[in-house]
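Hi,

Here is the structure I promised to pass on, with the sequence alongside. Have a look first, and then read my notes below.

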Amino acid sequence: MYIEKINSPADMKGLSMDELKTLATEVRKGILNRVSVHGGHVGPNLGITEATVAMHYVFDSPKDKFIFDVSHQSYPHKMLTGRKEGFLDAKLMDHISGYSSPAESPEYDNFEVGHTSTSISLASGLMKARDILHEKYNIVVVIGDGSLSGGEAFEGLDTVAEIGTGIIIVVNDNEMSIAENHGGLYKNLKLLRESNGEAELNYFKTFGYEYHYLEEGNDVAKLVELFKEVKDTKVPVVLHIHTEKGHGYKPATEDKEAWHWSMPFDLKTGKILNADNMPKEDYSDMVGEYLLNKIKEDPKLVVVGSAVPASFGFDKKRRRAAGKHYIDVGIAEEEGVAMASGLAKGGAHPVYGTYATFLQRTYDQLAQDLAVNSNPAVINVFGASIYGMNDFTHICFFDIAMLSHIPNLVYLAPTTWEEWKAMEDWAIAQEKYSVAIRVPAMAVQHSAEEYDTDYSELNKFKLVKKGARVAVIAAGDFFQKGQALVDALDAKENIQATLINPRFLSGIDTELLQELEFSHELVVTLEDGVLDGGFGERIARFYGPNQMKVLNFGVKKQLYDRYDVNQLLEDNDLTDDKLLAKVKRTLNS
């Protein structure tokens, strides 16, 4: 095997073209070995394999700098830069992340990257630094066609063209984003593909880029020839290569959307392993069914997504059924939120949804385009929890600190599926507030309880159980944890504690909090998010001048990479035993 001898790109330089093709095949086998055992991004990495082999053969990394947009297609790069054991040896797979990471390989990985459309902008900074310092090296950007729909990609293209010095931007055109591409830009990419790059109308040439097209984007020899042609360029160059997402693995090419990312699977059949042990109910799927039914009831409803329709359960079948009542704006979260505001202003009932980690990109649109205008759009925040995505670049539990402090934005935290539906029904129907709802992330919790249908009396907490001495205010996903703490205080300490579901994360119920002062000595807050700037700190500030003791439980502000949830709970005193012990110590102090 050639891959066993490749410990750095320098080891590839003497290979023949046939040997390079064999190496690409071995790299693909390594990718499939990892994702079938460990899970991960399948289609993007398989499709870019040949291009990555050719890049490392022609260019001189690490002197030459590679930047992978999103970096969910960096597996071949990792295998060729000393990290192949993370793909070949199941025992070492946890040592390798799914994204580029200088912490993992400072020599070959230039940036921590996990969000989309950032690569060209990052490269523009490298260009300027290189030029100012009078250094000489190639800068090679790999950006998928889906990522071009993000506004920052346009900004980067615009700036790089103005700088005007050497850079190579590889546009990996596989005709796909996570799902299908959306946006007017893709009409031009299609035209360029159909004309073999010869069409007079050319998006990249309008910026002033030198442009090259390669139809055979999975042909190592032709890629090597193309890269050699542009190496050491003195001007900005776009290499538009047409590749196949999932190339070399039949299941991944037959259903490109499903195989963008996968849980561990049987390599021969493509069947997901341990599928029978997965939760029978899934919030995303249930939200998708709810929204589709809601469209049938409400002709004003429009569902807005930004390239991750799976986050809210809109698979191909539901997207077709929704018709004009569903729009995907591409990987452009800012456009999604601003569009939702415009839809609301125009009299429609917009519902936008994405994962919490991607919603971070929309702070200005949430604050300025939406909340300042008080337009009644609904924002569903998915995965907002320590139980959400856990990669270094995809942490999802900073949302409370971000959203709850935006004026005019109501942020709700349901505790069960039924409460989410009640909140969603109200938020869609009302015409007064901009509303965000934190969709629960844990296994689906059900309740036979009747929930309020009107949340227009803002910041009114729900008193679930009235007690004394200790009041537990437990929000969203952590409400069940609060229930367990109240039960433990009753059973082990003979304390009949108060239990409160705050429902609102964007304000406090001053009347209820004042009432607690007469019969309680300790208030405990529980939130499934970062403590700094979180919900609990608002409660602590309210009681600051008073005698009431306050304990805030949540997660310490820190960047966590591929953390173990149980260990995170342990480290932050969020296990049932540690919660009870800390409450006891505080009461006895």
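To get you started: in which helix is the place of Glu152? Glu152 belongs to helix 7, which covers residues 151-163. Keep in mind as you click around that this is a predicted model.

While you have Glu152 on screen, here is the rest of what I found for it. Its relative accessible area is 28%, so Glu152 counts as partly exposed. Apart from residues up to four places away in sequence, Glu152 touches Ser117, Thr118 and Ser121. Ala332 is also worth finding: it sits 180 residues from Glu152 along the chain, yet their C-alpha atoms are separated by 8.9 Å.

Now the whole chain. The protein chain has 589 residues, and a compact globule with that many would have a radius of gyration near 25 Å; the chain has 26 Å, which agrees. The C-alpha trace spans about 80 × 50 × 50 Å along its principal axes. There are 23 helices and 18 strands, and 58% of the residues count as buried. If you look at contacts with a separation of 6 or more, residues 24 or more positions apart account for 76% of them.

On the surface side, the protein chain exposes about 24100 Å², with carbon and sulfur atoms supplying 50% of that. As for charges, there are 61 positive and 87 negative ones, and their mean positions are 2 Å apart.

Helix 19 is the element I spent some time on. It runs over residues 479-493, and at 1.5 Å a residue its 15 residues should span 21 Å; the end C-alpha atoms are 20 Å apart, which agrees. Which residues of helix 19 are buried? They are Phe479, Gln480, Lys481, Gly482, Leu485, Val486, Ala488 and Leu489. What do those buried residues pack against? The strands on that list are strand 14 (462-465), strand 15 (469-474), strand 16 (498-501) and strand 17 (520-530), and the helices are helix 22 (565-571) and helix 23 (576-588). Just after helix 19 comes Asn494, with a positive phi near 55°.

That brings me to the backbone oddities. As background, most residues other than glycine have a negative phi, and most peptide bonds are trans. Here are some places to check:

- His134 is not a glycine, but its phi is positive, about 60°. You will find His134 in the loop between helix 6 (119-132) and strand 3 (139-144). With a relative accessible area of 72%, His134 is exposed.
- Arg562 is not a glycine either, and has a positive phi of about 50°. Its loop is the one between strand 18 (549-555) and helix 22. Arg562 counts as partly exposed, at 33% relative accessibility.
- The peptide bond from Ser61 to Pro62 is cis, with omega near 15°. Pro62 lies in the loop between helix 3 (49-58) and strand 2 (65-68).

A few single residues are left. Met79 is in helix 4 (residues 75-79). Is Met79 buried or exposed? At 0% relative accessibility it counts as buried. Leaving aside neighbours within four places in sequence, Met79 is in contact with Ile3, Ile6, Glu26, Val27, Gly30, Ile31, Lys84, Phe87 and Leu88. Ser121, 42 residues from Met79 in sequence, is 26 Å from it in space, C-alpha to C-alpha.

Asn218 is in the loop between strand 5 (210-214) and helix 10 (220-230). Although it is in a loop, Asn218 is buried, since its relative accessible area is 18% and the cut-off for buried is under 20%. Not counting residues up to four places away in sequence, Asn218 touches Gly47, Glu50, His242, Thr243, Glu244 and His247. From Asn218 to Gly151 is 67 residues along the chain, with 28 Å between their C-alpha atoms.

Finally, Asp255 sits in the loop between helix 11 (250-254) and strand 7 (261-262). Asp255 counts as partly exposed at 30% relative accessibility. Leu485, one of the buried residues of helix 19, is 230 residues from Asp255 along the chain, and their C-alpha atoms are separated by 46 Å.

Cheers

How values were computed
Residues numbered from 1 in each chain as written. Predicted model: local features only at pLDDT ≥ 70, side-chain atom pairs only at ≥ 80, totals over all residues. Heavy atoms only, no water. Helix = DSSP H or I, 4+ residues; strand = E, 2+ residues; numbered from the N terminus. Rg over C-alpha atoms; globule rule 2.2 N^0.38 Å. Buried < 20%, exposed > 50% of the residue type's maximum accessible area, 1.4 Å probe, protein only. Contact = heavy atoms within 4.5 Å. Areas by Shrake-Rupley, 256 points an atom, 1.4 Å probe, with all protein chains shown as cover. Lys, Arg positive; Asp, Glu negative; His and termini not counted. Charge placed at Lys NZ, Arg CZ, Asp CG, Glu CD. Expected span 1.5 Å × (residues − 1).
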